[in-house]
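Visitor: I'd like a close look at one charged spot in this model, please. Start at a single residue, then work outwards to whatever surrounds it.

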Amino acid sequence: MLAWIDRLHREQPRVLGYPGALDFNFRELAPLLDVFVNNVGDPTRADASGVHAKNHELAVVRFFAEMAGAPDPDAVYGYVTSGGSEGLERGLELARERLPHALVYATSEAHYAVRKITRRLGMKLITVESRPDGSMDPNALELRALIHRRAHPELRRQGPGAIVVATAATTFRGAWDDAALLHRAARAAGEVYLHVDAALGGPLAAYAPSEPSWNFTHGADSLSISAHKLLGLPVPAGVFLARTDVVPEPADGAEYIGATDRTWGCSRSGLSVLLMWAALRRLGHDGMRARVLSCLETAAYATERLQRVGARPERLQDSLTVTFDRPAPHVVDRWHLACQGERAHIVTVAHVTEAAIDALCADMACPDDLRFEPPAHTAAGELDLWLEDYINQPHGLLGRNGAVCPYVATAQGADLVRTESATWTPTPERAAAELGGVLLAAADRFEEHTWPAGPEHLRALIVLLDPLSGTQGDLLDSAHSAVKTAIMQRGLMIGQFHPHCDAPASHNPRFMVNRSPRPLVVIRRMIRTDHRFAETKAQRAAHQQLFPHHKPTRA
């Protein structure tokens with residue numbers, strides 16, 4: 001189990017296509033795993049068990065009600081759910097009770113749970129056309145609502161009504177359904193019940209500069225929000241909110257629970273309530289706003305970088321979703337991209353970094369004609385001399401005793417040093433991104449190679465970069481910088497070497513130790529002392545993940 005957890009931690013920085021912020025840390029709340037917390041029934045009334053966290057739940061509901069523009073947060077009914085779909089089902093259930101003759105209107109861009117839930121509830125779903133940006137077309141909704149009203153002359157006076165599911169940030173493209181416009185359009189059928197699926201988009205819209213139309217002030221009767229998507233939690237969870245006038249009066253549940261119950265289920269996770277409460281208490285509205293704005297900046301960065309590699313990105317206003325041309329299957333798999341037809345998308349929630357975007361773009365730009373093969377005789381001889389006369393020897397400027405690399409000679413003796421040449425046809429306008437893809441492919445070669453028996457930390461793959469001249473060191477430095485974090489997150493290290501490399505020795509910053517006769521990279525397993533080469537917070541976190549108990553003795 002611990003090994004599985006470790007693998008999952010290493011994989012998480014590359015989960016780019018699915019919304020669920022993975023930057024959380026609740027270690028200080030680990031004692032919660034030793035207690036049972038069960039919120040049975042409505043949060044507004046204590047239950048007989050006494051093992052609940054309903055006061056915390058009421059605080060969570062109030063926070064999200066404020067976020068959702070409730071004029072009086074105390075006048076909103078709500079509770080913590082298992083996720084957005086449960087809240088969506090509760091909203092449609094209330095709508096059916098209020099408008100039994102109404103149809104449900106949603107677009108094909110809405111979450112697939114809408115189709116599943118309407119089938120389960122026996123409600124008829126009408127698919128409304130979308131505008132070019134993927135949002136619901138109010139004119140098409142008005143026409144369909146009017147057609148339904150005319151089909152029911154016996155209800156002509158009040159009309160059959162309309163149940164509209166609007167989406168704040170649609171699943172694949174991140175489009176915004178305009179709640180206020182849709183509410184007005186649907187009146188053609190009579191009374192309107194508007195549920196907003198705000199799973200990802202609610203917390204985003206609440207703090208987005210453009211202030212999308214999505215909440216109670218825009219006509220929503222109920223909303224469903226996923227807490228784990230933007231807030232970040234180790235368990236799926238959400239919040240259901242509704243105007244009190246659309247929720248039935250409290251009714252006693254079974255006598256033995258000692259509470260009223262207007263929730264969708266019965267027992268509900270007190271653990272998720274407490275984790276949400278802790279996260280919101282830590283952030284507050286100001287922290288949430290800063291979190292949203294940072295995610296939006298990352299989305300803008302991703303759009304610009306994907307444009308550079310010719311991926312034809314598209315991003316709607318104030319959206320965290322960036323769609324682009326579907327890349328090769330190995331790229332989709334490595335970066336956990338969500339795909340639909342010929343397009344893929346990423347969602348820049350809080351754990352998605354610029355370093356991850358750079359590495360994704362490098363992977364996408366990897367040359368189609370890339371080959372790895374044994375080095376030519378001249379290059380191999382030159383490399384052997386460099387290893388023997390420089391790497392395996394002490395140096396007066398190194399700042400410590402021993403060889404420049406204290407491991408290579410032992411690794412060579414154990415046949416754990418492998419040398420290859422990488423060849424491809426460079427494209428000048430995207431040479432740096434292409435080279436980054438070559439370096440990621442080289443890391444794959446390291447992991448895929450069948451190594452002889454021996455200590456893992458001695459394994460090393462040296463890759464000569466044949467198309468690069470000795471004067472193109474800046475290009476190698478740039479590509480190395482773009483992919484280093486992603487490679488460290490795989491538990492590997494990559495070092496770049498070329499004739500003019502300015503990477504300093506860890507014990508003497510005035511000694512440029514990574515000089516070699518031709519451009520090359522070396523890939524190996526990360527070791528405990530590699531904290532010296534971690535230059536960013538993300539790189540230090542990658543090292544800490546592999547060596548959690550290591551305490552560096554020097555910066």
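**A charged spot, up close**

Guide: Let's start with Asp444, which counts as buried because its relative accessibility is 15%; buried means under 20% relative accessible area, exposed over 50%, and partly exposed in between, with a 1.4 Å probe and protein chains only. Bear in mind that this is a predicted model, where local features need pLDDT of at least 70 and side-chain atom pairs count only at pLDDT 80 or more, while totals for chains, interfaces and linings use all residues. Numbering runs from 1 along each chain as its sequence is written, and side-chain values use heavy atoms, with hydrogens and water left out.

Asp444 sits in helix H14 (residues 431-448); helices (H or I, at least four residues) and strands (E, at least two) are DSSP runs, numbered from the N terminus. Skip its neighbours within four places in sequence, and Asp444 is in contact with Arg334 and Arg490, contact being heavy atoms within 4.5 Å.

Now for the charges. A salt bridge here is a side-chain nitrogen of Lys or Arg within 4 Å of a carboxyl oxygen of Asp or Glu, and by that rule there are 32 of them. In one, the side chains of Glu447 and Arg490 meet at 2.7 Å, N to O. That pair ties together distant parts of the chain, 43 residues apart: Glu447 is in helix H14, and Arg490 is in the loop between helix H15 (473-488) and E16. Arg490 is buried, at 7% relative accessibility, whereas Glu447 is partly exposed, at 37%.

Another salt bridge joins Asp530 and Arg524, with 2.8 Å from N to O. Asp530 is buried at 1% relative accessibility, and Arg524 is partly exposed at 23%. Back around our starting residue, salt bridges with shared partners join Arg334, Asp363, Asp444, Glu447 and Arg490 into one network.

Next, the sheet that includes E16. Its 5 strands run in the order E13-E14-E15-E19-E16, making an open sheet with mixed pairing; two strands pair if DSSP finds at least two bridges between them. Strand E13 (371-373) and strand E16 (492-497) are the edges: each has a single partner strand, so one side of each is left without a neighbour in the sheet. From one strand to the next, the twist averages 25°. E13 and strand E14 (residues 417-423) run antiparallel, joined by 3 bridges, and Arg371 faces Thr423 in E14.

Helix H12 (residues 377-391) packs on this sheet, touching E14, strand E15 (460-465), E16 and strand E19 (520-525), and its direction makes about 130° with that of E15. For that angle, axes are lines fitted to C-alpha atoms (for helices, over the stretch in contact), and angles run from 0 to 180 degrees between N-to-C directions.

Last stop, the nonpolar cores, meaning sets of buried Ala, Val, Leu, Ile, Met, Phe, Trp, Tyr and Cys residues joined through side-chain atoms within 4.5 Å. The largest has 93 residues, and Leu241, Leu337 and Ile346 touch the most other members. Helix H9 (residues 270-308) supplies the largest share of this core, 14 residues. A second, separate core holds 31 residues, among them Cys366, Ala411, Leu458 and Ile523.
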